[in-house]
Amino acid sequence: MTETVIREGDKVATFINILELKDPAKQQDLIDVLNEGTEKVIKHQPGFISVNLFASRDGSRVVNLAQWSSPDDIKAVATNPDAQVFAKKAAELATPAPGPYSVASVT
């Protein structure tokens, strides 16, 4: 089982993608695409630690929080053609706003 641990000062690279759905009724479809991409491609990439998906209660957004061993691992998966297939499917359903993050505070 993969577990996400969030701590200040960790060397873990965090990637967050906030996806704004074009049609809130398609939220589950987007989650299914992201889960399929994770199962088939993402979790098999070097440096993968975990993926967590969060669904807004109003159906308008999905947040993808992924942890990687290094920023280079994030860059590598972003250019992986197999991963790009799923990114394109997700972009058909939602507008992505991806980026690397650092843990600023944990309470």
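## Strand S3 and its surroundings

Within strand S3, Trp-68 is the bridge partner of Ala-13. This pair is a convenient point of entry into the structure, which is a predicted model. Ala-13 belongs to strand S1, which covers residues 13–21 and pairs with S3 in the antiparallel sense over 8 bridges.

**The strands on S3**

Strand S3 also pairs with strand S2, formed by residues 48–55, and here 7 bridges join two strands that again run antiparallel. Two residue pairs can be named in this second pairing: Asn-52 has Leu-65 of S3 as its bridge partner, while Val-51 is matched in S3 by Ala-66. S2 and S3 together make up a hairpin in which 5 residues lie between the strands, and Gly-59, located in the turn, has a positive phi of about 80°.

How many of the residues of strand S3 are buried? Of the 8 residues of this strand, which spans residues 61–68, 6 are buried, and S3 is therefore largely enclosed by the rest of the structure. The cut-off behind this statement is a relative accessible area under 20%. As background to reading any such strand, in a regular strand the side chains alternate between the two faces of the sheet.

**Helix H2**

Helix H2 comprises residues 71–78, and its buried residues are Asp-73, Ile-74 and Val-77. When H2 is viewed down its axis, these buried residues fall within an arc of 100°, so they line one face of the helix. The face turned away from that buried side carries Pro-71, Asp-72 and Lys-75, which are exposed. As for what the buried residues of H2 pack against, their partners are S1, S3 and helix H3, the last of these being residues 81–93. S3 thus takes part in the antiparallel pairing with S1, in the pairing with S2 and in the packing against the buried residues of H2.

**The segments before S1 and after S4**

Ile-6 is placed in the segment before S1, whereas Val-103 lies in the segment after strand S4, which consists of residues 94–101. These two residues and Val-106 form a nonpolar patch on the surface, and the three have about 210 Å² of accessible area together. Ile-6 has a relative accessible area of 44% and counts as partly exposed, and Val-103, at 32%, is likewise partly exposed.

When neighbours within four places in sequence are left aside, the contacts of Val-103 are with Ile-6, Arg-7 and Glu-8. With respect to His-44, by comparison, Val-103 is 59 residues away along the chain, and the C-alpha atoms of the two are separated by 24 Å. Gly-9, another residue of the segment before S1, is exposed, with a relative accessible area of 65%. Between Gly-9 and Ala-104 there are 8.6 Å in space, C-alpha to C-alpha, although the two are 95 residues apart in sequence.

**Salt bridges**

Side chains of opposite charge can pair when their charged atoms come close. A search of the whole structure finds 4 salt bridges, and the table includes Arg-7 with Asp-10 as one of them. The distances are those between N and O atoms, and each relative accessible area is given beside its residue.

| Acidic residue | Basic residue | N to O distance |
|---|---|---|
| Asp-10 (30%) | Arg-7 (47%) | 3.3 Å |
| Asp-29 (35%) | Lys-26 (35%) | 4.0 Å |
| Glu-39 (46%) | Lys-43 (37%) | 2.8 Å |

Are the residues of these salt bridges buried, exposed or partly exposed? Asp-10 counts as partly exposed, as does its partner Arg-7, which is also among the residues in contact with Val-103. Asp-29 is partly exposed, and Lys-26, with which Asp-29 forms its salt bridge, falls in that class as well. Glu-39 is partly exposed, and so is Lys-43; the closest N and O atoms of this pair are 2.8 Å apart.

Taken together, these descriptions set S3, with 6 of its 8 residues buried, beside a surface patch made of Ile-6, Val-103 and Val-106.

Terms used
Residues are numbered from 1 along each chain as its sequence is written. This is a predicted model: local features need pLDDT of at least 70, side-chain atom pairs count only at pLDDT 80 or more; totals for chains, interfaces and linings use all residues. Side-chain values use heavy atoms; hydrogens and water are left out. Buried means under 20% relative accessible area, exposed over 50%, partly exposed in between (1.4 Å probe, protein chains only). Helices (H or I, at least four residues) and strands (E, at least two) are DSSP runs, numbered from the N terminus. Two strands pair if DSSP finds at least two bridges between them. The arc is that of the directions from the helix axis to the C-beta atoms. Contact means heavy atoms within 4.5 Å. Patches are made of residues with over 30% relative accessible area and no salt bridge: like charges are joined within 9 Å, nonpolar side chains (Val, Leu, Ile, Met, Phe, Trp, Tyr) within 5 Å. Accessible areas come from the Shrake-Rupley method with a 1.4 Å probe; for residues, only the protein chains shown count as cover. A salt bridge is a side-chain nitrogen of Lys or Arg within 4 Å of a carboxyl oxygen of Asp or Glu.
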